[in-house]
Amino acid sequence: MRKTLLAIIIPLWLLGCQEATEQPAQLLYTVESKPFAITVNAEGELEAASETVISAPTSARGAQTLAWIMPEYTQVKKGDVIARFDGSQLERGKRFSEFDKGKVAQDITVTDSDLITRKSHLDSDKVIVSEEKHFAETFSVDDERIRSKLDILDQMQNVAYLNAKEAYFDWQTEQFSSSALGEMELLKLQSKQHESKIAMYNANLDSLEVIAPHDGLLTLSADWRGEKPKSGQALWPGQKIGGLPDISSLQAKLFVHEKEALGLAIGQKVRFTLLSNSDERFDGKVTQVSPYPQSIRRGDPQKYYEVIASLDETPAYFKPGNKVLATVFVQENKQALLVPKHSVINDNNAFFVQVKDGSQFKRVKVELGQSNLSHTEVLSGLSPKQQIALVTNKEL
C-alpha cells in the first residue's frame, strides 16, 4: 500500500515542479530589434481651404426666421437667391411705426393749432392792455384845481397797474414762445425716431434675400448641435449659413481622440481614404494641429484634437463634406529595440525593466524613446536577445 502511494505521489510532485519551472518562461519577453512605427487613426471630412462665407443679414435686430434655403451642393450662379427670410414680423413692426408716426403728425397739427389760438389770445390781451395804458397816460389829469387828490392817486395807480400788466404779458409771451418751441421740437423728434424705424424696417425688408456673390458650389454649415440650416429655423444676425468654397483647393479636417493623439506635429505624413470608396488611398501632410482637445458632438463628453491636412492631389470627384478615414504617420518604420509598455516600471520618473539573470530577475534602468499604443522604444540599457519580465515583481 505504501509503495502504491509513493508511486502516485512522486509523479505528481515531479509534474508540479515541471510546471513551476515552466511558468516563468511564459512571462518572459525577448528583446529584439524590430521595425517600429507610430500611427494614429483619425476620421473627418473634406473641406475647402478657402471659401466665401454666406451669413444671415446683419442689419436685423434679433433672430430672423429662415423661410427657404437652397439645397446643399447646388451649383449656384452669381445673383442667385440662396436663402430667403420671413418678413412678416418686419412688416408688422413697420406698420406699427407708420401708425405711431401718423399719431405724432396729428399731435403736431393739434398742438400747432392750439399754440396759434393761445398766442392769438395772448396777443389780443396784450393789445388791449397797451391801448388802456395809452389812454390812461394820454387823458390823465393831475391838476388839483380840476380833480381831487384821491382821483389823481387812483389814476396814477391805474397807470402803474397797466404798466405791470403789460410787463407780465411781455414775460408770458416770451415764456409761451419758449415752451411752444419745446413742444414742437419734441414732437418733431418723435416723428424723426419713427421715420428712422421705418427706414430700418425698409432696409431689413430689402435684405431678406441672401444673394450669391459669385458662382460656386453651395455648402451648408452645421451649428454647435450638428444641425444644418433649414426652413423655420431662427438665425441670429451675422450667423453663418454656409459658404461657396473654392473646390479647386481642398483639405482634410480630421479629429483624433485625445487618448490616441501621440506626438502629432505639423509636416507628418497622412494617408486617407474616402468612406464611400475605401479602395483608393491618397496622401497628404499635417498643416495644423489644435492646441487643445474639445468636444465635437452634443452630449458626447469625449474630446478630440482637430488636425488639418493638405492633399497631394485633388481628384475631380472630391467634394467638400466627403467623409474620410485617415492614418497619421507620427513615426515611420525604423529599426528599434522594443519592449511592451506594461513591462516598464516608472519609479520617480526613472524607468526600469526586470531583466532575467539566471533563475532571478534584476532591475535595470533604461532610457526610453517614442511609444505607440503597445510598445516603447528603448534607447539604452538593454541589448538584443536579453529576456525581460512582462509583469512587475508584485505580479510575479
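**Strand pairing and selected residues in the predicted model**

Strands S13 and S14 form a hairpin, with two residues between them. The structure described here is a predicted model. Within the hairpin, S13 covers residues 269-274 and is joined to S14 by five bridges, the two strands running antiparallel. Leu 274 of S13 stands opposite Asn 277 in S14. Strand S14, which spans residues 277-289, also pairs with strand S15 (residues 304-311), again in the antiparallel sense and over five bridges. In this pairing, Gly 284 stands opposite Leu 311 of S15.

Asp 279 is also located in S14. With a relative accessibility of 67%, Asp 279 is classed as exposed, because the cut-off for that class is over 50%. On the surface, Asp 279 belongs to a patch of negative charge together with Glu 280, Asp 312 and Glu 313.

A separate group of four strands forms an open sheet in the order S7-S6-S4-S10, with antiparallel pairing. Strands S7 (209-211) and S10 (234-235) stand at its edges; each has a single partner strand, so one side of each is left without a neighbour in the sheet. Strand S4 comprises residues 64-69 and is joined to S10 by two bridges, the two strands running antiparallel. One residue pair in this contact is Gln 64 and Leu 235, the latter being the bridge partner in S10.

The loop between S4 and strand S5 (75-76) contains Met 70. Met 70 has a relative accessibility of 11% and therefore counts as buried, the limit for this class being under 20%. The C-alpha atom of Met 70 is separated by 5.4 Å from that of Ile 82, although the two residues are twelve residues apart along the chain. Tyr 73 is located in the loop between S4 and S5 as well. Its relative accessible area is 35%, so Tyr 73 is partly exposed. The backbone of Tyr 73 has a phi near 65°, a positive value in a residue other than glycine.

A positive phi, near 65°, is also found for Asn 349, likewise a residue other than glycine. Asn 349 lies in the loop between strand S17 (345-347) and strand S18 (350-357). At 68% relative accessibility, Asn 349 counts as exposed.

Notes:
Residues numbered from 1 in each chain as written. Predicted model: local features only at pLDDT ≥ 70, side-chain atom pairs only at ≥ 80, totals over all residues. Heavy atoms only, no water. Pairing = 2+ DSSP bridges. Patch = residues over 30% accessible without salt bridge, like charges linked within 9 Å, V, L, I, M, F, W, Y side chains within 5 Å. Areas by Shrake-Rupley, 256 points an atom, 1.4 Å probe, with all protein chains shown as cover. Salt bridge = Lys/Arg side-chain N within 4 Å of Asp/Glu carboxyl O. Lys, Arg positive; Asp, Glu negative; His and termini not counted. Charge placed at Lys NZ, Arg CZ, Asp CG, Glu CD. Buried < 20%, exposed > 50% of the residue type's maximum accessible area, 1.4 Å probe, protein only.
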